[in-house]
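Here is a friendly walk through one model, with a stop at its ligands and another at one of its helices. Please keep the viewer open as you read.

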Amino acid sequence: MNHLIAPSVLAANFRHLQADFDLVNRSEADWFHVDIMDGRFVPNISFGMDIVKTMKEMAERPLDVHLMIVEPEKYIGEFRKAGADVITVHYEACTHLHRTIQQIKESGAKAGVALNPHTPVSLLDDVLEDLDMVLIMSVNPGYGGQKFIYNSLLKIKQLRQMCIVKNLSTYIEVDGGVGLQNAEEILKAGADVLVAGSSVFHSKDPLDTISKLKALGKAEVWV
Ligand code: DX5
Ligand code: ZN
């Protein structure tokens, strides 16, 4: 498949959120990545359902909602109602992960599970078939603008292999420290969805950056 680009709105300028949403709406980006942080699962706090609802009104692309919260099962219905199209919960935050995945699917959203940098991909072996997406965290969750952890490339490759063996087309999303300097390598390792926060919104020309991220790998068509 052609890879997807999901700008992370955590790096947008909240003084003119509408303008930043309009920019993404005009761009070649595919999704809006929305980071929800509760100050418990991660040290930072971001935004809740009401803001997600407003984002849904401004977005002309699906909302990819990344829940970095404890007990995510309590809030899945509300985030779905607020407009989440993809809901991703953390492996480390779910005691009954299988049940939570079913709950996301029953809500009508696509279901994703995120793995922290220390969590091996092999732990998803028994639920991979139930998932629409796996999110590989390539930084420790909580903040934008961190440095990409290179061991993540190995995890992407391992996960891609697991999907091939099981004949699954589960999306592999990579989140944290992704930009033009490493996106090609990440795609080669087997990623399908690139989350990019600061590398997009803090760049001189975000539209051009998105378009360059989107164009990566396409050159293969001509050889
Ligand atoms: C980190 C979040 C990321 C973050 C990425 O906890 O999950 O989505 O916004 O930001 P950058 O692309 O700046 O690393
Ligand atoms: Zn995220």
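How far does a polar side-chain atom of Asp-175 lie from an oxygen atom of ligand 1? The distance is 2.7 Å, in a model that is predicted rather than experimental.

A word on conventions comes next. Residues are numbered from 1 along each chain as its sequence is written, while chains are lettered from A and ligands numbered from 1 in the order in which they are written. In this predicted model local features need pLDDT of at least 70, side-chain atom pairs count only at pLDDT 80 or more, and totals for chains, interfaces and linings use all residues, with side-chain values using heavy atoms and leaving out hydrogens and water.

**Ligand 1**

Ligand 1 has 20 residues around it, and Asp-35, Gly-142, Asp-175, Gly-197 and Ser-198 come nearest; a residue is near if one of its heavy atoms lies within 4 Å. Some polar contacts (pairs of N or O atoms within 3.5 Å) are listed here.

| Residue atom | Partner | Distance |
|---|---|---|
| Ser-8, polar side-chain atom | oxygen atom of ligand 1 | 2.8 Å |
| Gly-142, polar backbone atom | oxygen atom of ligand 1 | 2.7 Å |
| Asp-175, polar side-chain atom | oxygen atom of ligand 1 | 2.7 Å |

**The zinc ion**

Asp-175 (OD) also coordinates the zinc ion (ligand 2), together with His-33 (NE2), Asp-35 (OD) and His-66 (ND1), at 2.0 to 2.3 Å. Donors here are N, O and S atoms within 2.8 Å of the metal (3.2 Å for Na, K and Ca), and water is not among the atoms, so sites may look incomplete. The six donor atoms subtend angles of 70 to 170°, which makes the arrangement octahedral: opposite donors must be over 155 degrees apart and all others between 65 and 115. His-33 is buried at a relative accessible area of 0%, and Asp-35 is buried at 4%. Buried means under 20% relative accessible area and exposed over 50% (1.4 Å probe, protein chains only).

**Helix α4**

Helices are DSSP runs (H or I) of at least four residues, and strands (E) of at least two. In α4, residues 97-107, Leu-97, Thr-100, Ile-101 and Ile-104 are buried. They share one side of α4 because they cover an arc of only 100° around the axis, taken from the directions to the C-beta atoms. Arg-99 and Glu-106, on the other side, are exposed. The buried residues pack against α3 (76-82), β4 (86-90) and β5 (110-115), where contact means heavy atoms within 4.5 Å. Just after α4, Gly-108 takes a positive phi of about 100°.

Definitions and conventions
Tetrahedral: all angles 85-135°; square planar, octahedral: opposite > 155°, others 65-115°. Polar contact = N/O pair within 3.5 Å; in protein donor to acceptor, adjacent residues only side chain to side chain.
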